[in-house]
Amino acid sequence: MKGKLPRIFAISCISALTACSNEAPTPPVCRTLDHLPPVSSPSAYCVVRIADRLLTVSAKQNQALRLPGGEIDPINEARCQVHQKVWQQTGFNAQIGELLRQNERAAYFHCDLQVALVVPSRNFRCPAGSAMM
């Protein structure tokens, strides 16, 4: 047993080191509802409800809370582009659903995570200067 312990430790270390990679994971395939008409917009955002809460992300510039999404290519269909943005910003493979609202600057979509998340029971105060959505 004494001689096996260093060997097991060495194999574990080598396995752990070779399993790690600097490459980013491959983005998931775009998940949208097929029957919905295409939408084009200069930016797109996802409205994701988890229980009675709204999923937000923190802006890099000023840490303000906002919906996941952002600027996109207005020439291409917005749903797959916002799907990519949500995945990059949150790690969630959301299903992009119906268009909730659109104006000249942005499109807002209903998005579904289709996962069971544990929602913290404690309420958090909004940072000063931010607005509730």
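User: What classes of residue are found in the lining of the second largest pocket, and how many of each?

Analyst: The model is predicted. In it, the lining of the second largest pocket has two nonpolar, three polar and two charged residues. The lining consists of Val-57, Ser-58, Ala-59, Lys-60, Gln-61, Arg-66 and Gln-89. Val and Ala count as nonpolar, and Lys and Arg count as charged. Ser and Gln fall under neither heading, so they count as polar.

User: How much space lies in the second largest pocket?

Analyst: The space in the second largest pocket is about 170 Å³.

User: Why is Ser-41 called buried or exposed?

Analyst: The relative accessible area of Ser-41 is 2%. Buried means under 20%, and Ser-41 is therefore buried. Ser-41 is part of the loop between helix 1 (4–19) and strand 1 (43–50). Beyond its neighbours within four places in sequence, Ser-41 is in contact with Ile-72, Asp-73, Pro-74, Gln-102, Arg-105, Ala-106 and Ala-107.

User: Which backbone atom of Ser-43 lies 2.8 Å from a polar atom of the side chain of Ser-41?

Analyst: That atom is the backbone oxygen of Ser-43. A second pair involves the backbone nitrogen of Ala-107, which lies 3.3 Å from a polar atom of the Ser-41 side chain. The distance cut-off for a polar contact is 3.5 Å, and the values to set against it are 2.8 Å for Ser-43 and 3.3 Å for Ala-107.

User: What makes Arg-105 count as buried or exposed?

Analyst: Arg-105 has 61% relative accessibility. The term exposed requires over 50%, so Arg-105 counts as exposed. Arg-105 is placed in the loop between strand 6 (95–102) and strand 7. Leaving aside neighbours within four places in sequence, Arg-105 is in contact with Ser-41, Pro-42 and Ser-43. Arg-105 and Ser-43 are 62 residues apart along the chain, while their C-alpha atoms are separated by 6.4 Å.

User: What joins Cys-30 to Cys-80?

Analyst: A disulfide joins them, with an S to S distance of 2.1 Å. The sulfur atoms of such a pair must lie within 2.5 Å, and the value of 2.1 Å meets this cut-off. Cys-30 is in the loop between helix 1 and strand 1 and Cys-80 is in helix 2 (residues 78–90), so the pair ties together parts that are 50 residues apart in sequence.

User: Why is the disulfide of Cys-30 and Cys-80 called left-handed or right-handed?

Analyst: The torsion about its S-S bond is about -100°, so the disulfide is left-handed.

User: How do you know whether Cys-30 counts as buried, partly exposed or exposed?

Analyst: Its relative accessibility is 27%. Partly exposed covers the range between 20% and 50%, so Cys-30 counts as partly exposed. Cys-80, at 36%, also counts as partly exposed.

User: What joins Cys-46 to Cys-111?

Analyst: Cys-46 and Cys-111 are joined by a disulfide with an S to S distance of 2.0 Å. This pair links distant parts of the chain, with Cys-46 in strand 1 and Cys-111 in strand 7 (residues 107–112), 65 residues apart. Both Cys-46 and Cys-111 are buried. The link is left-handed, with -70° about the S-S bond.

User: Which pattern do the disulfides of the protein chain follow?

Analyst: Counting bonded cysteines along the chain, the pattern is 1-3, 2-4. The count comes to two disulfides.

User: What is notable about the phi of Gln-63?

Analyst: Gln-63 is not a glycine, yet its phi is positive, at about 65°. Most residues other than glycine have a negative phi. Gln-63 lies in the loop between strand 3 (57–58) and strand 4 (65–66), and at 52% relative accessibility Gln-63 counts as exposed.

Conventions
Residues numbered from 1 in each chain as written. Predicted model: local features only at pLDDT ≥ 70, side-chain atom pairs only at ≥ 80, totals over all residues. Heavy atoms only, no water. 1 Å grid on protein atoms, 1.4 Å probe; cavity = no way out; pocket = protein on both sides within 12 Å on 5 of 7 lines; lining within 4 Å. Points joined across faces, edges and corners; volume = space filled by probe spheres on them. Helix = DSSP H or I, 4+ residues; strand = E, 2+ residues; numbered from the N terminus. Buried < 20%, exposed > 50% of the residue type's maximum accessible area, 1.4 Å probe, protein only. Polar contact = N/O pair within 3.5 Å; in protein donor to acceptor, adjacent residues only side chain to side chain. Contact = heavy atoms within 4.5 Å.
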